[in-house]
Amino acid sequence: MILKPNQRENILPLPVVLISTVSKDGVRNAAPWSNFTPILRPLEEVVLASWTKRDTLENIRQTGEFVVNIPPVGMEDAVMICARNYPPEADEFFEAKLKARPSAAVKAPGIEGCLAWAECVLEEEIVREKFVLIIGKVVTLTVDDRFFGADGGMDFQRAKPLSVMLGKEGMSFTYPAFSGRYAEYREMFLPSATKGSV
Ligand SMILES: Cc1cc2nc3c(=O)[nH]c(=O)nc-3n(C[C@H](O)[C@H](O)[C@H](O)COP(=O)(O)O)c2cc1C
């Protein structure tokens with residue numbers, strides 16, 4: 001079967017994060033985002049793709065800050081309330097009954113009940129006709145210790161970070177499962193001749 005090129009989001013699982021921001025007047029906003037990714041391991045930057053008409057984008061422009069919250073399974077209803085097109089003056093923490101969690105380095109609060117909170121500052125915007133790529137730098141990264149090991153690795157089978165598969169009429173919320181295969185990063189590198197001979 002051949003799909004349309006613009007169905008490319010149907011062919012891979014996407015993360016679901018909640019981006020929390022405040023406007024310059026202090027109105028709290030939260031919105032789900034799936035076009036989110038870290039930019040290359042082990043750098044500190046992340047990128048969000050945003051339609052040009054988003055309160056989140058406007059707030060990031062006004063304040064230069066945002067928080068990437070990682071919701072677990074169970075927060076789907078709050079995620080979908082935050083996805084509604086409320087006007088900019090609506091407090092979306094209030095609408096979705098989210099509890100604010102004070103951030104360490106930015107004004108925007110995080111969201112209680114999430115698994116991790118990446119406080120970010122705006123580094124660069126790449127503006128296109130229909131969308132904007134927002135590049136941010138993580139300045140403080142905090143995790144819920146109950147779901148993370150001492151090395152900072154997530155017990156994802158217990159934590160169940162929310163992800164999503166998109167379809168024609170809607171989306172199915174999902175979460176990651178272990179395939180049974182673990183791989184160390186060093187598997188990616190061929191043993192060098194020097195190393196082999198030493
Ligand atoms: C699971 C999910 C993922 C989403 N991902 C994005 C995204 O990556 N970029 C985007 O511009 N909108 C995305 N949206 C839509 C926004 O969340 C939605 O338009 C929201 O109302 C924007 O809120 P705001 O205007 O307060 O920023 C997504 C919605 C859902 C439900």
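I will go through the overall make-up of this protein, then its two sheets, and finally the surroundings of the ligand.

Please keep in mind throughout that what we are looking at is a predicted model. The protein has five helices and 12 strands, and its C-alpha atoms fill a box of roughly 65 × 45 × 35 Å when that box is taken along the principal axes. Of the 198 residues in the protein, 27% are buried. If we take the contacts between residues at least 6 apart in sequence, 60% of them join residues at least 24 apart.

Let me turn to the sheet with seven strands, which is open and follows the order β3-β2-β6-β9-β10-β5-β4, with antiparallel pairing. At its edges stand β3 and β4, the latter covering residues 36-38, and each of these two strands pairs on one side only. From one strand to the next, the twist averages 30 degrees. At the β4 end of the order, β4 and β5 run antiparallel and are joined by three bridges, and here you can find F36 standing opposite L48 in β5.

Which strands does α1 lie across? The helix lies across β2, β3, β5, β6, β9 and β10, and with respect to β2, which spans residues 17-22, α1 runs at about 50 degrees.

The other sheet I want to show is an open one of three strands, in the order β1-β11-β12, and its pairing is antiparallel. Because β1, at residues 14-15, and β12, at residues 171-174, each have a single partner strand, they stand at the edges, and one side of each is left without a neighbour in the sheet. Strand β11, residues 163-166, runs antiparallel to β12 and is joined to it by four bridges; looking along β12, you will see that S172 is the bridge partner of M165.

That brings me to the ligand, which is surrounded by 18 residues, the closest being A31, S34, N35, D55 and T56. Two or more residues of this shell come from each of β3, at 28-33, β5, at 45-51, and α1, at 55-63. Among the elements, β3 gives the most to the shell, with four residues, and β3 is also one of the edge strands of the seven-stranded sheet that I described earlier. As for the classes of residue around the ligand, the shell has nine nonpolar, six polar and three charged residues.

To bring these parts together, β3 and β5 both belong to the seven-stranded sheet, α1 lies across both of them, and these three elements each give two or more residues to the shell around the ligand.

How values were computed:
Residues are numbered from 1 along each chain as its sequence is written. This is a predicted model: local features need pLDDT of at least 70, side-chain atom pairs count only at pLDDT 80 or more; totals for chains, interfaces and linings use all residues. A residue is near a molecule or strand if its C-beta atom, placed from the backbone, lies within 6 Å of it. Ala, Val, Leu, Ile, Met, Phe, Trp, Tyr, Cys and Pro count as nonpolar, Asp, Glu, Lys and Arg as charged, and the others, Gly among them, as polar. Two strands pair if DSSP finds at least two bridges between them. Axes are lines fitted to C-alpha atoms, for helices over the stretch in contact, and angles run from 0 to 180 degrees between N-to-C directions. Two residues are in contact if their C-beta atoms, placed from the backbone, lie within 7 Å. A residue is buried if 20 or more other C-beta atoms lie within 10 Å of its own, exposed if 12 or fewer, and partly exposed in between; C-beta atoms are placed from the backbone.
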